[in-house]
Amino acid sequence: MTIQDVKDTISSALILGGVTKVYTYLPERPVPPCAMLEPDVNFINAREDSYGVFFTTNWKIRLMVPFGANDKETTELDGYIDDLLPVLWEHTDCHLLSVDKPFITEANNASYLTTFLNISIDMQGGI
C-alpha cells in the first residue's frame, strides 16, 4: 500500500462516515464542517518480525465544525466522532485510533470547534 493509497482509503472512510468535505492537504481556507488529513509527527515507522518488515504510517485527521455560543456545535462534533470511529476502524487497515480533546481554532477570520482523530495504518509490505 502506498502513501496515496492510505490517503484515498482514509478519505473514502471519512466520506462514508458523513464528512462531505475532505481535504488531503491543509487548505488555505477550509470550509467547515470538514476534515483535513495531515501526516503525524512519526509519519512512517518500520518494524521487523519473523514475517519481514512492516511499515506503519501515522495520520492526524483535523475535524472542524462551526463554533457558536450554544452546545449545538459540540453536539455536531460529537455526532461526527460517533459516526466516524466505527467506519474508520472497519474500512481502513488501522490498528490504533484515538481522539484528542476538542478545542477552538481560528481560520478564515472565524472560530471553529476542532479535534484531532489520530490513526495509525498498517501499510503491509512497504511503500
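A residue is called buried when its relative accessible area is under 20%, exposed when it is over 50%, and partly exposed in between. By this measure, buried residues make up 41% of the 127 residues in the protein. The model described here is predicted.

**Overall architecture**

The secondary structure comprises two helices and six strands, which follow one another along the sequence in the pattern α-β-β-β-α-β-β-β. For 127 residues, a compact globule would have a radius of gyration near 14 Å, and the value of 15 Å for the protein agrees with this. Along the principal axes, the C-alpha atoms fill a box of roughly 55 × 30 × 20 Å. Of the contacts between residues at least 6 apart in sequence, 60% join residues at least 24 apart. The protein exposes about 7000 Å², of which carbon and sulfur atoms supply 53%.

**Aromatic pairs**

A pair of aromatic rings is described by the distance of the centres and the angle of the planes. The protein has three aromatic pairs, including the two in the table.

| Pair | Geometry | Centre to centre | Angle between planes |
|---|---|---|---|
| Y23 and Y25 | edge-to-face | 5.7 Å | 75° |
| F43 and W59 | edge-to-face | 5.1 Å | 90° |

In the pair F43 and W59, F43 belongs to strand β2 (residues 34-49) and W59 to strand β3 (residues 52-66), so the pair ties together parts that are 16 residues apart in sequence. W59 counts as buried because its relative accessibility is 1%, whereas F43, at 23%, counts as partly exposed. As for the tyrosine pair, Y23 is buried, with a relative accessible area of 13%, and Y25 counts as partly exposed at 48% relative accessibility.

**The surroundings of N118**

N118 is located in strand β6, which spans residues 110-122. Its relative accessibility is 13%, and N118 therefore counts as buried, the limit being under 20%. The side chain of N118 makes a polar contact with the side chain of D100 at 2.9 Å. When neighbours within four places in sequence are left aside, N118 is in contact with W59, K60, L96, L97, S98, V99 and D100. W59 in this list is also the ring partner of F43. K60, another contact of N118, has its charged end over the ring of F116, 4.8 Å from the ring centre.

Key
Residues numbered from 1 in each chain as written. Predicted model: local features only at pLDDT ≥ 70, side-chain atom pairs only at ≥ 80, totals over all residues. Heavy atoms only, no water. Helix = DSSP H or I, 4+ residues; strand = E, 2+ residues; numbered from the N terminus. Buried < 20%, exposed > 50% of the residue type's maximum accessible area, 1.4 Å probe, protein only. Polar contact = N/O pair within 3.5 Å; in protein donor to acceptor, adjacent residues only side chain to side chain. Contact = heavy atoms within 4.5 Å. Phe/Tyr/Trp six-rings, centres within 6.5 Å; stacked < 30°, edge-to-face > 60°. Lys NZ or Arg CZ within 6 Å of the ring centre and 35° of its normal. Rg over C-alpha atoms; globule rule 2.2 N^0.38 Å. Areas by Shrake-Rupley, 256 points an atom, 1.4 Å probe, with all protein chains shown as cover.
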